[in-house]
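Trainee: Could you take me through the enclosed empty spaces in this model, slowly and with the cut-offs spelled out? I would like one connected account.

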Amino acid sequence: TPLLSLEDVSFAYPDGTEVLRGVSMTVPPGARVALVGPSGAGKSTVLALVEGFYPLSGGCIRWAGTDVRDLPRAALRARLGYVEQEAPVLAGSVRENLLLAAPGSTDDELWAVLADVGLTGVVQRSARGLDVPVGDEGVLLSGGERQRLAIARSLLARPSLLLLDEPTASLDARNEGLLRDTLAAASADRALLVVAHRLSTVRDSDQIVVLDAGRVVGRGTHDELVETS
Ligand code: ADP
Ligand code: ADP
């Protein structure tokens with residue numbers, strides 16, 4: 001059974017804008033799936049529907065085989081980690097940012113997740129360690145580091161599925177490489193659904209679904225899709 005499946009999903013926003021038409025896709029347990037397409041294709045909308053922000057116009061979304069309408073919203077949310085585009089980082093410290101997602105975490109757990117996202121070096125550069133302010137004097141985190149901190153925050157809550165909206169949109173090549181390493185670490189024990197503008201960003205995915213104007217227009221691995229385009 002797939003962890004997540006969309007079956008013939010159609011959707012129009014409350015203002016009548018029809019955005020998705022008959023979209024079907026699955027995320028098997030532990031798989032890395034990407035949703036690729038031009039701006040306005042409906043990619044962020046798919047993530048919003050998975051999160052349960054809006055009712056579907058047609059079709060069905062299942063979590064481990066169960067229609068999500070039959071699941072308590074809080075139970076589903078607890079299994080999902082959502083990292084939005086330009087994920088906001090709080091003005092506080094690295095520790096405060098991390099504890100937001102999982103208040104009871106020990107320092108060992110915080111350091112472990114920082115290692116997963118490649119941020120231990122940054123935090124150790126300051127004598128204040130986990131209490132270093134993220135956007136103040138002391139260590140100022142770069143855009144790429146803030147993005148990875150936001151991912152670390154989501155990982156701490158141990159989601160079964162991590163949803164990432166354009167995680168590399170604002171990153172330079174070096175930080176995009178670091179983020180891809182982060183996602184490889186993150187996918188060791190969970191599934192990923194990554195939204196991206198460009199195919200090259202998600203070339204490590206097990207399965208890529210290409211969306212255009214609300215319809216699925218292609219699917220396959222990166223190499224399969226490059227061959228046919
Ligand atoms: P993508 O993530 O692929 O860029 P989106 O899912 O953000 O695409 O948007 C798909 C379409 O839905 C676009 O035409 C966009 O303008 C429209 N849209 C997005 N959000 C809303 C909203 N809250 N209300 C009405 N239309 C929206
Ligand atoms: P990419 O996917 O390569 O980042 P996009 O065109 O999706 O390219 O987005 C480029 C920038 O424009 C991003 O910072 C994004 O937040 C912003 N953006 C995307 N769609 C819209 C929109 N409908 N209205 C305003 N800004 C947008």
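Mentor: Happy to. On a 1 Å grid over the protein atoms alone, a cavity is a set of points where a 1.4 Å probe fits but cannot get out, and a lining residue has an atom within 4 Å of a point. Grid points are joined across faces, edges and corners, and a volume is the space filled by probe spheres set on the points.

A word on the ground rules: this is a predicted model, in which local features need pLDDT of at least 70 and side-chain atom pairs count only at pLDDT 80 or more, while totals for chains, interfaces and linings use all residues. Residues are numbered from 1 along each chain as its sequence is written, chains are lettered from A and ligands numbered from 1 in the order in which they are written, and side-chain values use heavy atoms, leaving out hydrogens and water.

Searching the whole structure turns up two cavities of 30 Å³ or more. The largest has a volume of about 100 Å³. Around this largest cavity stand R32, P167, T168, L179, R180, L183, V194, T201, V202, D204 and S205. Helix α7 (residues 173-186) gives the largest share of that lining, three residues; helices here are DSSP runs of H or I with at least four residues, numbered from the N terminus, and strands are runs of E with at least two. By character, the lining of the largest cavity divides into five nonpolar, three polar and three charged residues. In this count Ala, Val, Leu, Ile, Met, Phe, Trp, Tyr, Cys and Pro are nonpolar, Asp, Glu, Lys and Arg are charged, and the others, Gly among them, are polar.

Now the second largest cavity, which holds about 30 Å³ of space. Its lining consists of E166, T168, A169, A196, H197, R198 and T201. Those residues split into two nonpolar, three polar and two charged. T168 and T201 are worth finding on your screen, since each lines the largest cavity and each also lines the second largest.

While charged side chains are in view, let me add the salt bridges, each a side-chain nitrogen of Lys or Arg within 4 Å of a carboxyl oxygen of Asp or Glu. The structure holds eight of them. In one, the side chains of R95 and D131 meet at 2.8 Å, N to O. That pair links distant parts of the chain, 36 residues apart: R95 lies in helix α3 (residues 94-99), and D131 in the loop between α5 (120-124) and α6 (143-156).

Methods. On a 1 Å grid over the protein atoms alone, a cavity is a set of points where a 1.4 Å probe fits but cannot get out, and a pocket is an open set with protein on both sides within 12 Å along at least five of seven lines; lining residues have an atom within 4 Å of a point.
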